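Reader: I'd like a close look at one part of this model, the place where the two chains meet. Could you walk me through it, and then show me what lies around it on either side?

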Amino acid sequence: MNTQYKKGVLELCVMSILKRRDCYGYEISENLSKHIDIADGTVYPILRKLKSDGLVTTYLSEDSGGPPRKYYSLTALGLETYEADKKEYLSFAKTVETLLEDEDHDKK
Amino acid sequence: MTKSEFLLQLKNELKKNNISDTDDILSEYEQHFAFKCADGFSEEEIAAKLGDPAELASQFTPNTSQKKYYGRKTVTVIGMVFADLFAGAFFLIFFIFAAVMGVVTIAAAVIGICLLAGYNFNNLIPGMPYLCALIYAVSLLAFAILSAAACLYFIVFTRQLMRSYKRFHINVIAGSAGKATLPSLPVYPLLSARVKRRMRMIVLSSLTVFAVSLVVGYIISTIMAGNLEFWHVWGWFAK
């Protein structure tokens, strides 16, 4: 699949994970690679981009006892963007699906 | 590829792509290795699953907002230097105060013990009947305990205050550089309920003993001297 295209969708997936709860980078990477076939390292550039766009913030937490972990958290702007992008993506995906199915029918 | 090879290659590729804050990015990948290693994967497996370092580095877009942060950081650091000087002066006063309290504690304890033992080096302690000396000794020893408790708490308090300030200092500078911050620390020392209870018990009982024995000491002194201003009778301030 086109990397640029995939990246946009992955951003949406990362935000959806972060909407549920704050996570550290590795958690997000594991969560994503369970469902989608991507290189494990791809998540970090996405997180960084989301951060520089102001959609997520980071904070350190010492709760786990070990060295402080960097947690990512969705900002208000991030949540807003997520909801809008999700709607857009779902309607787009639906359109694509109908289009492709129609083409299948025409062939028969 | 081993972990260090991967990280080195990634670092070089990031530099090639003009990406700032490479340490921040590298530490994220380092943590990834640490987590995966804990799950029993070998460094080679982890590196292979992470992907090609060159490919990954190209996905990091140069951070254009870094410049804005840079300007802010310089101003913040200058501000923090002044804040540190100001806070440092306070901490110095706090330390001196703690030292004074420590000296007062030791002095009270030493005089109390001397009175108790009837030991009067060079006649430094004003003369009085032994019964009065005994009561004043109890009073002074109670005061020494009270003062020691206060001194100890003050030291703990100052330590916590310094820790809290240090965290604040680190967070302000990290925040101005757009990096992640740690939660702030409380200003007051967090003592366990047991320690608090014990502390309160010691302070209250020593305060009571101190006050009661001081008053009793005065009353007995006036009775024994036959004068409300017993110190004149015993010639305390006569040369």
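**Where the chains meet**

Author: Let's come in from the chain B side, just ahead of the helix that matters here. Asn18(B) sits in the loop between helix 1 (3-16) and helix 2 of chain B. Keep in mind that this is a predicted model. Asn18(B) has a positive phi of about 60 degrees, although it is not a glycine. Most residues other than glycine have a negative phi. Asn18(B) is also exposed, since 9 other C-beta atoms lie within 10 Å, and the cut-off for exposed is 12 or fewer.

Past that loop comes helix 2 of chain B, residues 22-38, and here we get to the meeting place. Its axis and that of helix 2 of chain A come within 9 Å and cross at roughly 65 degrees. The crossing of these two helices is right-handed. On the chain A helix, the residues to click on are Gly25(A), Tyr26(A) and Ser29(A). They meet Glu28(B), Gln31(B), His32(B) and Phe35(B) on the chain B helix. Sorted by class, the residues of this helix-to-helix contact come out as 2 nonpolar, 4 polar and 1 charged.

Now step back to the whole contact between the chains, with 18 residues from chain A and 18 residues from chain B. On the chain A side, helix 2 (25-35), helix 3 (43-52) and strand 2 (56-61) each supply at least two residues. Helix 3 of chain A gives the most to that side, with 5 residues. The side of chain A that touches chain B has 7 nonpolar, 6 polar and 5 charged residues.

Strand 2 of chain A leads us on into a sheet. This is an open sheet of 3 strands in chain A, in the order 1-3-2, with antiparallel pairing. Strand 1 (23-24) and strand 2 of chain A stand at the edges with a single partner strand each, so one side of each has no neighbour in the sheet. Strand 2 of chain A pairs with strand 3 (residues 69-74) of chain A in the antiparallel sense, over 6 bridges. For a spot to find by eye, look for Ser61(A), which stands opposite Arg69(A) in strand 3 of chain A.

Chain B has its own make-up: 8 helices and 0 strands. Along the sequence, chain B reads α-α-α-α-α-α-α-α. Of the 239 residues in chain B, 18% are buried. Among the contacts in chain B with a separation of 6 or more, 73% are between residues 24 or more positions apart.

Terms used:
Residues are numbered from 1 along each chain as its sequence is written. Chains are lettered from A and ligands numbered from 1 in the order in which they are written. This is a predicted model: local features need pLDDT of at least 70, side-chain atom pairs count only at pLDDT 80 or more; totals for chains, interfaces and linings use all residues. Two residues are in contact if their C-beta atoms, placed from the backbone, lie within 7 Å. Helices (H or I, at least four residues) and strands (E, at least two) are DSSP runs, numbered from the N terminus. Ala, Val, Leu, Ile, Met, Phe, Trp, Tyr, Cys and Pro count as nonpolar, Asp, Glu, Lys and Arg as charged, and the others, Gly among them, as polar. Axes are lines fitted to C-alpha atoms, for helices over the stretch in contact, and angles run from 0 to 180 degrees between N-to-C directions. A crossing is left-handed if the near helix is turned anticlockwise from the far one by less than a right angle, and right-handed if clockwise. Two strands pair if DSSP finds at least two bridges between them. A residue is buried if 20 or more other C-beta atoms lie within 10 Å of its own, exposed if 12 or fewer, and partly exposed in between; C-beta atoms are placed from the backbone.
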